[in-house]
Amino acid sequence: MGMLKKGFFYGLLILLGFLFYLFENFETISAGVAILLFGMILLEEGFKGFTKGPLQHFLKKATNRLYKSIATGAFVTALIQSSSLVSVITISFISAGLISLAGGLGLIFGANIGTTATAWLVAGFGLKIKISAMALPMLVFGLVFSFQKPVSLKGIGNILAGLGFFFLGIHYMKEGFDVFKEHIDLSQFAVSGFRGVFIYTGLGIVITTILQSSSATLALILTAMAAGQIEYENALALSIGANIGTTVTAILGAISANSSGKRLAAAHFIFNVITGLVAIACIYPLAEFVNRSSNYLSISPTNYTLKLALFHTIFNLLGVVLMIPFIKSLERILLRFFIEKGEKDVHEPKYLNPAVLEFPGAVISALISESKFLFKNSVFEIVTHALNIHREDVKSDEKLNTIIEKSTTDFHTDVEDLYYTKVKAIYSEIITYATTAQSTLHLNNRQNKTITEIKIANRKMVEIIKAARELNKNITFALNADNAHLIKEYDNYRKKLAKVLRVIYLFRKEEDTKNYEAKLKKLKAEAKANIRQSSKSMDRLIREHLITAEMASSLFNDYSNVNDMIKKLIEVAELLYGKMDSLFEVSGKD
């Protein structure tokens, strides 16, 4: 794949050099395209400064209904002039579990409608006035703002500079085509009928693949058509090709992406191809519909640039209308077809992937979800099995005394092995992602504090597992020692931990959390007090010589060990299932 990309890149450079040599004025057109593309990059960078808070919170709230996610995708893309940025945010949010795949599909479909705003901007505004006069002040003010320290001012600077370069690029493209027609008339290569539709659709795909932007292709088509270099009928086909060609970028980007990226890229491809095929099949009825609609919208019959913008909007709207009934089916197919390798394995990260590092809200949500998943599916299991108790017994309503009495079989639990197979990889990823987020993202104090709390919770989980390893060794020792007094003491330890695990399970599962939260606080207070006090029952056993010195040593060590485990288990539960949820509500905002 890398060799193919390199070959394509070098081939493109050779072709550009050849065209520069043949056509002197081609330099002006290509420079205009390059300036316009650079402007779109700056626009995207500028708006990224505002995605760290309000925009991501808005997208999260606006995707709980399909119609809302489509409208949001269209509005945001039209505003920021970047469907790629919307795609990045969408993939990031889906990966973090902030939005559903169906909500993400709605955003992507809406983004296709939003991209039509570029055509309206160029056709209705960019080709009618001396746009370079506006571009230069925007560039000057944009540069001034971009040197400011606050992120918001830098964002405004990039947006202004981006718009300046965008309009300047249109100016150069228009100038280039105006001069270009003095040397060669490209309109002589017009092809009518469906043969022309297929040829120019293919050409639109190729141009968009090269430019990596359907918006830039549309700007190129509109400026060429305004200069009389392209016939209206062929321009319609080119715009269809631009829509299909933009999926090539998504496909190339998704090759090395995770399952979320692949699903979105596949959905984008399916939507655009189906929309394109329908537009090709209905191109002439649609063109007639545009002519009739133009009369109602007071668009001149000869204003082909505005008519092309209208055509582009209509066939994208038609595509959305056609796809809406099939979104649920498409979601099921994508979920079944694109499965991340190891995605369902407990010992592999379930929510963490590079996409979530794009935005604070996404990475925080992913870190919380991953930490909860680790606690629920690994730590809970390791601790209960270290006590020789089944998880389902802890979750049940059965009395703890009964559970302890029947749980006399040694599970032969290898805590060390379970740590390395089920915990270590996930724990390492959580710490890595948390540290990366704190060092690379612009976090506010609340967000930074939330991530620090996540790291603390995970460190405590690892400490709990290490304590469980030592406790398990001594429980096994007690079983083999055949001393009823020693076994009774360890049964008390097991009962204490089982009680805490049950309350934690109910705390995270039941809706009425206040009752269990109060119980946890009481148990934590008791554990803290016990750490500072000795056990009266142990003192009696030692005094009456009912246990050996070795047994007493184990009991003393585990007395502190068990109370420390209880304290840490409760602290983890409070962080992940109590405090963290309220912190995250604020962490998505600046």
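Is Glu331 buried or exposed? Glu331 is buried, at 13% relative accessibility. The points below start from the whole chain, then return to this residue and its partner.

1. **The model overall.** This is a predicted model. The protein has 25 helices and 0 strands. Of its 590 residues, 51% count as buried. Contacts between residues far apart in sequence feature strongly here: among contacts with a separation of 6 or more, 78% join residues 24 or more positions apart.

2. **Salt bridges in total.** How many salt bridges does a search of the whole structure find? The search finds 15. Three of them are described next, and then a network.

3. **Lys328 and Glu331.** These two residues form a salt bridge, and their closest N and O atoms are 3.8 Å apart. Both sit in helix 16, which covers residues 327-337. They are 3 residues apart, so about one helical turn separates them. Their surroundings differ in accessibility. Lys328 is exposed, with a relative accessible area of 52%. Exposed here means over 50%. Glu331, at 13%, counts as buried, because the cut-off for buried is under 20%.

4. **Lys422 and Glu381.** Here the closest N and O atoms of the salt bridge are 2.9 Å apart. The pair links distant parts of the chain, with the two positions 41 residues apart in sequence. Lys422 belongs to helix 20, while Glu381 belongs to helix 17 (residues 360-386). Glu381 counts as buried, at 9% relative accessibility.

5. **Lys568 and Asp564.** This salt bridge has its closest N and O atoms 3.1 Å apart. Both residues lie in helix 25 (residues 549-587). They are 4 residues apart, which means a separation of about one helical turn. Lys568 is buried, with a relative accessible area of 14%. Asp564 counts as partly exposed, at 24%.

6. **A shared network.** Some salt bridges have partners in common. Through them, Glu416, Arg469, Glu470 and Lys473 are joined into one network.

7. **Helix 20 against helix 21.** Helix 20 spans residues 415-440 and helix 21 spans residues 445-481. How do the two helices pack, and at what angle? The angle is about 165°, and the axes are 10 Å apart. Angles over 145 degrees count as roughly antiparallel. Helix 20 and helix 21 are therefore roughly antiparallel to each other. The crossing of helix 20 past helix 21 is left-handed.

8. **Who makes that contact.** On the helix 20 side, the contributing residues include Val415, Glu416, Tyr419, Val423 and Tyr427. Further along helix 20, Ile430, Ile431 and Ala434 are also among them. On the helix 21 side, the residues include Asn448, Ile451, Ile454, Lys455, Arg459, Val462, Ile465 and Arg469. By type, the residues of this contact divide into 13 nonpolar, 6 polar and 4 charged. Two names recur from the network above: Glu416 and Arg469 also take part in the contact between these helices.

9. **Gly193.** This glycine lies in helix 10, which runs over residues 193-211. At 28% relative accessibility, Gly193 counts as partly exposed. Which residues does Gly193 touch, leaving aside neighbours within four places in sequence? The contacts are with Glu233 and Tyr284. Asn234 offers another reference point: Gly193 and Asn234 are 41 residues apart in sequence, and their C-alpha atoms are 9.3 Å apart in space.

Note on methods: Residues are numbered from 1 along each chain as its sequence is written. This is a predicted model: local features need pLDDT of at least 70, side-chain atom pairs count only at pLDDT 80 or more; totals for chains, interfaces and linings use all residues. Side-chain values use heavy atoms; hydrogens and water are left out. Buried means under 20% relative accessible area, exposed over 50%, partly exposed in between (1.4 Å probe, protein chains only). Contact means heavy atoms within 4.5 Å. Axes are lines fitted to C-alpha atoms, for helices over the stretch in contact, and angles run from 0 to 180 degrees between N-to-C directions. Angles under 35 degrees count as roughly parallel, over 145 as roughly antiparallel, 65 to 115 as roughly perpendicular and the rest as oblique. A crossing is left-handed if the near helix is turned anticlockwise from the far one by less than a right angle, and right-handed if clockwise. Ala, Val, Leu, Ile, Met, Phe, Trp, Tyr, Cys and Pro count as nonpolar, Asp, Glu, Lys and Arg as charged, and the others, Gly among them, as polar. A salt bridge is a side-chain nitrogen of Lys or Arg within 4 Å of a carboxyl oxygen of Asp or Glu.
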